[in-house]
Each structure stands twice: as structure tokens, then as C-alpha cells.
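Colleague: Please take a close look at the interior of this chain and tell me what packs there. I am new to this, so give each term with its cut-offs.

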Amino acid sequence: MTTGYTVEQLRNATADAVRAPSLHNTQPWRFRLVDGGIELAVDPGRRLPATDPSGWGARIACGAALFNLRLALAVAGTPAMVRLRPYPGDPDVVARLVPDVPRRPTPAEQSLHGAVGRRFSNRAPFWPDPVPADARWHLGEAARAEQCWLELVIGTSAVNAFAEIARSAHRVLERDPAYVTERTRWIRSEPSPDGVPTTAGGPQSEPQDLLPQRGFGGRNRAPGRDFEPEPLVAVLGSAGNTATDQIVAGQALQRVLLTATDAGLAVSMLSQPIEVPGAREALRLSLGRFGTPQMVMRIGFGQPGRPTPRRPVDEVLDVPVAPA
């Protein structure tokens, strides 16, 4: 019986884990092997003090990476038992994974794992084709499978009300010079292993846009290439808003994103209404839901998204050096 994971298993699983999304593509995670267990921790050097002062975004990102890690280990036949925030004295450690009973992966795990390398945020306009009802149902089930909820904002009036909350939050953020400076620091016009390339940043925002776009230096779009007038907006939420709830929500987010990718859907994320406390509460009240909104997504059909770069696996591993 397997007593612990190996460095090779850690490295292989981490190659999938780092494909998770993160604010400004900061990739705020570290992975290590301790006593046969894989540990995932927030990288304190990659926090965003202006954009993410509470660490919410880093924990969401690490939760998404944790889901990929779980998925990679399961598909390799070495599933994990997971303990979240295992060390009260070290809150940066998000999770510890130890081997569970070996088994074959399920078809669902294999399908989701196949979507890991194809999942990209798509910040471009989507086509007008509606998302089918069965796909919407599967997205909701993906969130529920990870103990979260997914609320779809349906109808012109509901979408317009959400858009006003989102635009208001965007204006609050854009008035903060530190926030703008921090975002600008992560825009990449030259090849880089992190940050958001201008080629993946989406088109520049225009006055007629219903939903706010974060400025990542994208190009002006051609006439007639407006964003869809009534996008499918989905709000992901968790039961509470503790650090553990946020890690759980990150796992749910990634399951939803991979489920969407597997169904041929495109997704972009709008976190501005989550980053501003007043807007987050207004969003919760508008939905009539208990719990806490943790992420907003725009979902539809469109051209394939553009990948954002990732740091080499060895740069995010803390592997002890064997004695000479």
C-alpha cells in the first residue's frame, strides 16, 4: 500500500495545478512534499496588497489550484484525502493531501482533467447563441458538488441590475491610484511567465459596454464587435466567508470552469463586485441568497480564448535537496 506521494507525483500533479486562474495571473502558490504529503501554500511574495488586501483572491486561486491537484492525482490512480488549513499556526498552508485508497479514475474525472489545458479566460465578446438548459444545469451541479451554489442571473432587468452593481464597483476601484498602479504592473507586452499579456487582455472598454472590463491594455475592437447585450451571468457563492470557505469556493470555481470548458463554453470572470464590500453585499441582497458571493462569471459561446503564461513547475516547488 502507498504510504506517501513521491517527488515525481508532486511534480506531475503540480503541472496541472498551476493551470488554475488567479487575479492578474499572479500565480500565488507554492507546492511541497512533507512526510509523504503534498502541501499547497499561498506564496506571500505574490499577494496583491491594493487589489486583494484580505487575501481572498489568493485563497480563491489556491483553491482552484487545489482542485486541479486533486483531479490530477485521481486521474493518475492515486487519489488524495484532503485536509484544508491543516496548521493553525501557519495559515498560509491552504491544504495537505495524503494518499487515499488507489482506484481507477471516473469518466467524469477524466473529462474534467482533459479540460485543464483548454481552460482559458475569454475576455472577448461572445456569440449571441444561448447557453442550453442542460449545460446550465451541469454548471450548477458542478458548484453543488463542491458545497457551493451557483445563481444564474436571468432576464433583462436582472442583468441590468447586476450590471449597475458591477459598474459601480469598477468605478470605486478605478478611483484608487494604488489599485490602478498594481494592475498596470501585471500587464505584459513582452513574453513573461506571469501577468496578463495584452494579447489575452480583451478589447478596450467602450462607453456602450454593459459590463465593466478591467483594463489590461487590449486593442480597440472593430465596429460591430460589441459585447452580447444580455450575457449569461453566473454568481458563485459559498455558505460563509471564512478563509476555509474561500478555499472551498476556489475549488468549486475551478470545477465550474472545467465543466464549462468541457461543454464547449467560454467564460470570463468579473471579480470587481466581489472586491468592493458594499457591492458584494448589494449583489447578495439582489440574489436573495444566504451565504457569500465569491466570484462572478460571464458564460457563453465564442472563439477559443488565449492562454496566459505559467511559470515553470520547478519555480513553484519547494523540494528538499538530497544530501551529496
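Modeller: The radius of gyration used here is taken over C-alpha atoms, and the rule for a globule is 2.2 Å times the number of residues to the power 0.38. For the 324 residues of the protein chain, a compact globule would have a value near 20 Å, and the chain has 19 Å, which agrees. This is a predicted model, in which local features need pLDDT of at least 70 and side-chain atom pairs pLDDT 80 or more, while totals for chains, interfaces and linings use all residues. Residues are numbered from 1 along each chain as its sequence is written, and side-chain values use heavy atoms, without hydrogens or water.

Along the principal axes, the C-alpha atoms of the protein chain fill a box of roughly 60 × 40 × 35 Å. The chain has nine helices and eleven strands (DSSP runs numbered from the N terminus: H or I of at least four residues for helices, E of at least two for strands). Of the 324 residues, 54% are buried (under 20% relative accessible area with a 1.4 Å probe, protein chains only; exposed is over 50%, partly exposed in between). Among contacts (heavy atoms within 4.5 Å) with a separation of 6 or more, 76% join residues 24 or more positions apart.

Now the interior itself. The largest nonpolar core (buried Ala, Val, Leu, Ile, Met, Phe, Trp, Tyr and Cys joined through side-chain atoms within 4.5 Å) has 43 residues. Those with the most contacts inside this core are Phe-162, Leu-236, Leu-265, Val-296, Met-297 and Ile-299. Two or more core residues come from each of the helices α2 (56–75), α4 (133–145), α5 (156–174), α7 (243–262) and α9 (277–287), and likewise from the strands β5 (149–153), β8 (232–238) and β10 (292–300). Helix α7 gives the most, with seven residues. There is also a second, separate core, made of 28 residues, and Phe-31, Ala-61, Ala-72 and Ile-247 are among them.

Leu-265 shows how one core residue is surrounded. Apart from neighbours within four places in sequence, Leu-265 is in contact with Val-131, Ala-135, Leu-139, Ala-260, Ile-299, Gly-300 and Phe-301. Among these partners, Ile-299 was also listed with the residues that have the most contacts inside the largest core.

Polar residues can be followed inward too. Gln-246 lies in helix α7 and counts as buried because its relative accessibility is 4%. Not counting residues up to four places away in sequence, Gln-246 touches Trp-56, Arg-59, Ile-60, Asn-241 and Gln-294. Glu-275, in helix α8 (residues 272–275), has 14% relative accessibility and so counts as buried. With the same sequence neighbours left out, Glu-275 touches Leu-23, Thr-51, Trp-56, Leu-173, Tyr-179 and Arg-214. Trp-56 therefore appears in the contact lists of both Gln-246 and Glu-275. From Glu-275 to Ser-286 is eleven residues in sequence and 17 Å in space, C-alpha to C-alpha.

Leu-317, found in strand β11 (residues 317–318), is buried as well, since its relative accessibility is 8%. Beyond four places in sequence, the contacts of Leu-317 are Leu-10, Arg-11, Thr-14, Arg-30 and Phe-31. Leu-317 and Thr-14 are 303 residues apart in sequence, yet their C-alpha atoms are 8.3 Å apart. Phe-31, another of these partners, is included in the second core.

Some loop residues are worth setting beside these. Most residues other than glycine have a negative phi. Asn-25, in the loop between α1 (7–17) and β1 (29–34), has a positive phi of about 55 degrees although it is not a glycine. At 5% relative accessibility, Asn-25 is buried. Arg-85, also not a glycine, has a positive phi of about 45 degrees and lies in the loop between β3 (80–84) and β4 (93–99). With 31% relative accessibility, Arg-85 counts as partly exposed. Pro-91 lies in the loop between β3 and β4 and is partly exposed at 48%. Pro-91 and Val-42 are 49 residues apart in sequence and 8.8 Å apart from C-alpha to C-alpha.

For contrast with the interior, Glu-190 sits in the loop between β6 (187–188) and β7 (196–197). Its relative accessibility is 58%, so Glu-190 counts as exposed. Glu-190 and Pro-229 are 39 residues apart in sequence, and their C-alpha atoms are 33 Å apart.
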